[in-house]
Amino acid sequence: MLVLSVLLLAADGLRQVSMPVVAFLGQGTPDRDPVFQRYRSALEAQGPGALRLVHLPADPATPAALDQAVGRAVQAGAVLIVAPTADAAQAVLRHRLAPPCVYAAFLDPVALGLARSLRHPGTRCAGVSVADNLDSKRLELLRDAYPWVRRVAVLVDQDWLARPDALAPLQHSAGRLGLELDLLQADQVDALPALFRQSAAAAQAWYLPPTTISYRGQAQIAAELRLRPLPTLHASADELQQSGGLALVQDTSFAYAALARLSLRVLAGEPPGAIPIQRPRQLRICLRRQMLPGFPMPSSDVIRRADCWV
Amino acid sequence: MPIAGSEPGPQPDARNRLEPAREPSGRLIRRFALPLALLSLGLLLATGLVEGYLAYRQTLALLARQQAVQAEAARAEIEQYLQTLETAVSQVQRLPWGRPGFQASERRIELQRLLALHPAILELRDLDAQGQIRLRVSRTELDVWQGARYSAQDEAPPASPAWFEEPFFDTEGVPNVAFHLAGPDASGGSTRALIHLGFLTQMSSGLRFAGQGQIQVVDQSLRLLAHPDPTLVLRQPRLESWEPLRQLQASPQGRQALQGLNLEQKPALISAQPLARPPWLILVEQPTSVALAPAWDTLQRLLLLLALGALLALAVARWAARRMASPIAQLRAATAQLAQGDFDVQLPPPGPDEVGALAADFGLMASQLQRSYAELEQRVQQRTLELQQKRDEAERANSAKTRFLATASHDLRQPMHAIGLLVGVLRAELPAGPMQGLGGRIHQAVQAMESMFGSLLDISKLDAGAVQVQQEEFALQALWQRLDATLAPLAAAKGLNWTLRPSPHWLRSDPVLLERILANLCSNAIRYTDQGGVLVAARPWQGGLRLQVIDSGRGIAAADRERAFDEFVRLEPQGGSEGLGLGLAIVRRSAELLGMRVQLRSRPGRGSCFELQVPAAACLAARPEPATDAQPAGGLSGSFVLVLDDEAANREALAALLQQWGCLVAQAADADAALLELDRHLRTPDLLVTDLRLGPGPDGLQALQALRERCGGSLPALLLTAELVSSQALPAQVLLLHKPAGPQRLRAALLALLAPQD
């Protein structure tokens, strides 16, 4: 029995050693990284696989930290790197010896150099893009939900402003909708309270496009909005959950399953550069079941159009 | 089962064994069981293959029906969904637009509601009769509607008023299709709905069946519109060269199921169902490994059953063949055993069939064989016993004869020897006249008896193997001289010519034995020749010599030439010749001892030629002639002879004869008396004549030894005995003479002993 146990352990050890290593560039610890948890669940839902998933934390805002994490992944002998952000994917592409990667990009992967085109990426990375160009439609929804709104404060950051398809179309749409925009730029979370105090007087509504600052300063923004409840249009259901208003969101629920499937396909030997980049197929209008105090109710038309409740 | 009624047979004898038969090249099991098993296996295999093929075909047909049903279900679902969209749009179209409360803004709201209700709709356009947009409601773009501060964007009217437009792929590669629905009123307006065909992918994913079956949608241009793998749709593969699709397009109503490679290059079972409106094709596929799993399971079970059946067939065939072959094999083993002479065979029990009858007959045959063998063995033993008895009797008779001859010749030799000596003495004392003649006849009779006893003694010695050949080199001429000395007087006495041709040859052989042979032949020649003569010569012959004794005597008939050499055969009528008929027998045996052959040529009345063939190995190169034996001056006169014999008669007779010859004689009965006698004389004896047996004390040779020691030198001795003594065992300067020995021989021997030694 002892010999058998030793043999089984050795076989198991050999199996462990021989299983391919997949590195996930996450944040914090594995049990406190919700993105990692969801990815791992999606991977497990694809069926029992013979691979070893390794969580490598790195500050997504620091390219150097991402580079180091990629280096650690290479040293660990990873055959695949999962990059939950476009910055992480870029760090993988910068590393000459890095293995293929799969990513989820919240910005346009073609503009970031992660792919040559959505149909033919042609790089070492395959992924899904949840990049969003619904700013105009969100303004329209804000207008439809709150017809009396004429002045809208828009929280932007430097990255958003740098996008060629961001400001100009928004301003054009605002003009067509008869809205006046107040662009409020914040690149640090610390600057948000001052920014919100500054906008308190003029804005009649808030529009929070999907930016880095709105993602990182989610909690601070929600607190500020609660202090000064105004009609608010969010770009994600998570933001809506923490404050009032409504949201026009892309259905990104497919992303984790898609990443898991992409991971398995790349591990099976499929060239990542030949896999087209998937995009969300549905848009949802999300509302809170219970409006927070002070937040005005959207119009009944919009309420009737809502297909997502948080 | 041992043979009934048989006794334990005799042990197998090597003489009775036969060579075992070869191992059979073909065994019954191979010849019968194997073909039977192969036939069964072949039948099983054929049945299995046919069953398997039929099951496979049935499975394919069943799968085709199943897939057809699935495809039909998918078609119905897709058509129903499209119909639902049409219905929804139609319902909005039927509202009383233009009336109060049903203005453009309400229309917008309704269209937005449609978007909310039907996620597949990306955009709805309300078009007037000229195709101008009256209202556009979009999920991603700003709505365009009249009645607000927008202006309709001019867009090109659709290329053709087809109910369903040709599907197209947007900038992200997602397939879209638009359908037009004419308005209910006569204004000619219509509604255009842009459908995101991703819903088909969702639907196809939801339409998976059997766990791994999937549904795809292909448009009339063979472009992939929907697939459970959205990335495959985004690739926009060209399907014109996809073989299963081409075949399915060609098949009537796409009902058949094909085996081929799917878009992921994996074997799959594919069937198709056309969609009427729009004219798309719905493909239903299952991986072959899953689709044909039941068939493979059936095949595996079949193969397993086949294998089991084959093993069973082999086992049964082998068992049956063994059952059939076993008694035959036992019979064969029994046959081999019988061939080895072992009759204790195990036969198979007799059965009701032919093999049982064969076993019974075999058993009978084996019993018969065993009995015959036993009888034969018994007879052989009996005959062997008889032969042994006869051989023993013959040996006993031969031994008795030998002992008789030895005993008789020894016991009778003593008195004969004494008679011969006394007759010699008597003749010397008899006066001339008739008494002298009488003495002469007595002397001849005694000589004849001595000759016969000598022959008996010789043949006894030859029978007993006591004669040993003493090889030495000698001149034939010396032997000639001795023969001449002995036999010339005999020939002269009969008035015959005696010719002995001188010979320079030297031989290596036994001179005594050779002299004896030639002496016999010459004496026979003289005896059986009445007139003419006897010639003795040595002629070269094949490297050796032929010693010939030729006479002009009576000759021997051809019929008697061979038996003349037999013992106790006398060719002359009884009483017509002297002797016991042993001479030629002695000659032949002695010649054989010397390695020579005796040949006889003879013609009755013309004489005979006895030829002794001396082989080349016995012939030596010629050498100078040896000196003739020197005779002691004055013969025996004055010699001091000591006579030693325990028989007083012999002793005194011999003493008298010696005294007659002028010898000084001393007598003794034993060794001690001889030593005492020696002390009584001042001179040592010149010669000792002694018998071998001197009673219970030391024998003659021991006495000689003692006397030689006393005399301090060599003392020649003549051993005069009736015993069979080999001359090889004698000490130096001792001559052997067997009793009875006539005075002449006695004198010659004494003279030889007293001759000066070189």
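## A salt bridge in chain A

Let's start with Glu270(A), which is partly exposed, with a relative accessible area of 23%. Keep in mind that you're looking at a predicted model, and that the numbers here are computed from it. What does the side chain of Glu270(A) meet in a salt bridge? The partner is Arg265(A), with 2.9 Å from N to O. Arg265(A) has a relative accessibility of 17%, so this residue counts as buried, the cut-off being under 20%. Glu270(A), at 23%, falls between the 20% and 50% limits, and that's why Glu270(A) is called partly exposed.

## Two strands, one bridge

Over all chains, the count comes to 43 salt bridges. Another one to find in chain A joins Arg151(A) and Glu180(A), whose closest N and O atoms are 2.8 Å apart. Arg151(A) belongs to strand 6 (residues 151-156) and Glu180(A) to strand 7 (residues 180-185) of chain A, so the bridge ties together parts that are 29 residues apart in sequence.

Are these two residues buried or exposed? Neither word quite fits: Arg151(A) is partly exposed at 25% relative accessible area, and Glu180(A) is partly exposed at 43%.

## Where the chains meet

Now look at the place where chain B touches chain A. How many residues of each chain are in contact? There are 25 from chain B and 25 from chain A. The size of an interface is often given as the accessible area lost when the parts come together. Here, chain B and chain A bury about 2,500 Å² between them, with 48% of that on carbon and sulfur atoms. On the chain B side, Leu142(B), Glu172(B) and Arg235(B) lose the most area to chain A, and together they make up 26% of what that side buries.

There's plenty of polar detail to look for too. Between chain B and chain A there are 6 salt bridges, and 13 residue pairs are in polar contact across the interface. Helix 2 (104-117), helix 3 (198-206) and helix 4 (230-235) of chain B each supply at least two residues of the side that touches chain A.

## Following Arg108(B)

Arg108(B) is a handy residue to click on. Which residues does Arg108(B) bridge to? One of its partners is Asp144(A), with the closest N and O atoms 2.7 Å apart. That pair crosses between chains, running from helix 2 of chain B to helix 5 (residues 135-145) of chain A. Both Arg108(B) and Asp144(A) are buried. Arg108(B) also forms a salt bridge with Glu140(A), and there the closest N and O atoms are 3.8 Å apart.

Zoom out a little and you'll see a network of salt bridges linking Lys137(A), Glu140(A), Asp144(A), Arg305(A), Arg108(B) and Asp143(B). Asp143(B) sits in the loop between strand 2 (133-138) and strand 3 (144-145) of chain B. Its relative accessible area is 1%, so Asp143(B) is buried. The side chain of Asp143(B) also makes a polar contact with the side chain of Gln112(B), at 2.8 Å.

## Rings that pair up

Time for the aromatics. A pair of aromatic rings is described by the distance of the centres and the angle of the planes. Over all chains, the count comes to 8 aromatic pairs. One of them is Phe196(A) with Trp206(A): 4.3 Å centre to centre, 35° between the planes, and tilted. Phe196(A) is in helix 8 (residues 192-199) and Trp206(A) is in strand 8 (residues 205-207) of chain A, 10 residues apart. With a relative accessibility of 1%, Phe196(A) counts as buried, and Trp206(A), at 1%, counts as buried too.

Over in chain B, Phe565(B) and Phe610(B) have ring centres 6.4 Å apart and planes at 65°, so this pair is edge-to-face. Phe565(B) lies in the loop between strand 16 (544-551) and helix 12 (583-593), while Phe610(B) lies in strand 18 (residues 607-614), so the pair ties together parts that are 45 residues apart in sequence. Phe565(B) and Phe610(B) are both buried.

## Charges over rings, and a cluster

Phe565(B) has another neighbour to check: Arg588(B) lies over the face of its ring, 4.4 Å from the ring centre. You can find a similar arrangement at Trp661(B), where Arg747(B) lies over the face at 5.7 Å from the ring centre. Back in chain A, Phe24(A), Phe36(A) and Tyr39(A) form one aromatic cluster.

Notes:
Residues numbered from 1 in each chain as written. Chains lettered and ligands numbered in written order. Predicted model: local features only at pLDDT ≥ 70, side-chain atom pairs only at ≥ 80, totals over all residues. Heavy atoms only, no water. Phe/Tyr/Trp six-rings, centres within 6.5 Å; stacked < 30°, edge-to-face > 60°. Helix = DSSP H or I, 4+ residues; strand = E, 2+ residues; numbered from the N terminus. Buried < 20%, exposed > 50% of the residue type's maximum accessible area, 1.4 Å probe, protein only. Lys NZ or Arg CZ within 6 Å of the ring centre and 35° of its normal. Contact = heavy atoms within 4.5 Å. Buried area = accessible area lost by both parts, 1.4 Å probe. Salt bridge = Lys/Arg side-chain N within 4 Å of Asp/Glu carboxyl O. Polar contact = N/O pair within 3.5 Å; in protein donor to acceptor, adjacent residues only side chain to side chain.
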